[in-house]
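Welcome! Take a look at the structure below, and then let's work through a few questions about it together.

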Amino acid sequence: MQEISSAGIVAEYNPFHNGHLWHIQETRRITGAEVILVVMSGNFTQRGEMALEDKWSRAACAVRNGADLVAELPTVSAVSSAGNFARAGVNILQNLGADFISFGSESGDLSTLLRIKDKLQAAEGKMVQSIQSMVKEGVSWPRARQQVFKDILTEEELGMLQGPNHILALEYLKYMDKAKPVTVKRQGTGYHDLLPAGRFASASAIRQLAARGIPVSDWMPDDLTVSEETLKNREGEYFRMVAQRIFTTPADILDLAEAGGEGLGNKARKEIRSCRCMENLYEKMKSKRYTRTRIQRFAAQILLGITKEDVNAGRDYARVLALNQRGSRYLNAVKKAGICGIPVITNVNRELENAPEIEDLIRKDILAADLYNLACGRNLYDHCDMVEGVRFFKENT
């Protein structure tokens, strides 16, 4: 293909805010890339939660604000551990020909991140055994990992791993074998900060403010497409859907979820009857061994029928959600050159039958959209994946 430089980003954009806009702008400036590619979580996120806005709205917002093409990260990988999330995102971007992959970090220090990655990879076998041993003794996975890290890394390096973006950055770096890594230092607030700082606010802060009915437009290039009433109502609907799934599914089948195993299915069936909302369920099921985030993913996975087998199969594809003229030309060049080793889906009705190896996974994307729409009280036909189409922008932005 004619050489067109491109940079890729793995994201959730939950929601798309000024920090994401900065990241895209800096990525283009640093790399000089003509095209910005994004692989983005769909209607459910890596923490096992429903996204604040639907995937079509978030993808369109990203293209309006600097991205050229946004593809969906398959639901089975989006609602999974950080390693699976990163592996799929990086693989899709590299198959789309990304020359660079850019990620945010608290430090902006790529050389130290690369050094940490090399140290951890060199000790990977020993690390896995030690972590598994501690987990069997009842230590939570994050705490066990941190204890093992102390024997491998310096105090400075350990300090860097306190940043959530740094943890994910190491996963991205692990799977990059074609694209060059680029990191952009996070601006303003931290990942978990719940108070805005100037024109920047974390996605967590925006979600909490929006749920309380507080305007958030100061920290976003586009305003929200979801109402406060919808946010309140859908939590109850989500709980009822998860509870129904738990009641009607045998415990051993529940344990097939990627985040399940070792009795979580039985515990879910035991605790659900005394719960009135998802918050109750999370609090009752979390423990020293099982973090709240893992329980959230477990709930989402059992609702969507995502199993360990689905996640571990590594069957990736690029399903396009939104693009502009520049992104369209780039995608056509990629297809013509034959450099993409995974299916590219732009019309799910027309192309699904031509990709039988991933049909079951795409149907989970479709199910995720249907259940999201049901929880949000939206028209199930107008907003389903079989009716929604790629958002195309004639003018490059």
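Q: Where is Gln46 found?
A: The model shown here is a predicted one. Along the chain, strand S2 covers 35-41 and helix H2 covers 55-64. Gln46 is found in the loop between strand S2 and helix H2.

Q: Is Gln46 buried or exposed?
A: The relative accessible area of Gln46 is 15%. A residue counts as buried when that value is under 20%. Gln46 is therefore buried.

Q: Which residues does Gln46 touch?
A: Let's leave out residues up to four places away in sequence. Gln46 then touches Glu12, Ala78, Val79, Ser80, Ser81, Ala82, Phe85 and Arg297.

Q: How many of the 13 residues of H15 are buried?
A: Helix H15 runs over residues 292-304. Among its buried residues are Arg297, Phe298 and Ala299. H15 is largely enclosed by the rest of the structure, because the buried residues number 11 of the 13.

Q: Which helices do the buried residues of H15 pack against?
A: Just after H15, Gly305 takes a positive phi of about 70 degrees. As for packing, the partners of the buried residues of H15 are H3, H11 (228-248), H12 (251-254), H13 (264-271), H14 (278-285) and H19 (359-376).

Q: How far apart are the end C-alpha atoms of H15?
A: At 1.5 Å a residue, the 13 residues of H15 should span 18 Å. The distance in the model agrees with that: the end C-alpha atoms are 19 Å apart.

Q: What is the phi of Tyr13?
A: Tyr13 sits in the loop between S1 and H1, and Tyr13 is buried, with a relative accessible area of 2%. Most residues other than glycine have a negative phi. Tyr13 has a positive value instead, near 50 degrees.

Q: Which peptide bond is cis, with omega near 0 degrees?
A: Most peptide bonds are trans. Pro15 lies in the loop between strand S1 (6-11) and helix H1 (18-31). The cis bond is the one from Asn14 to Pro15.

Q: Which helices each supply at least two residues of the lining of the largest cavity?
A: A search of the whole structure finds 1 cavity of 30 Å³ or more, and about 40 Å³ of space lies in the largest cavity. Its lining includes Val76, Ser77, Asp310 and Val311, and the lining residues divide into 4 nonpolar, 2 polar and 4 charged. The helices that each supply at least two of them are H3 (75-78) and H16 (308-312).

Notes:
Residues numbered from 1 in each chain as written. Predicted model: local features only at pLDDT ≥ 70, side-chain atom pairs only at ≥ 80, totals over all residues. Heavy atoms only, no water. 1 Å grid on protein atoms, 1.4 Å probe; cavity = no way out; pocket = protein on both sides within 12 Å on 5 of 7 lines; lining within 4 Å. Points joined across faces, edges and corners; volume = space filled by probe spheres on them. Helix = DSSP H or I, 4+ residues; strand = E, 2+ residues; numbered from the N terminus. Nonpolar A, V, L, I, M, F, W, Y, C, P; charged D, E, K, R; others polar. Buried < 20%, exposed > 50% of the residue type's maximum accessible area, 1.4 Å probe, protein only. Contact = heavy atoms within 4.5 Å. Expected span 1.5 Å × (residues − 1).
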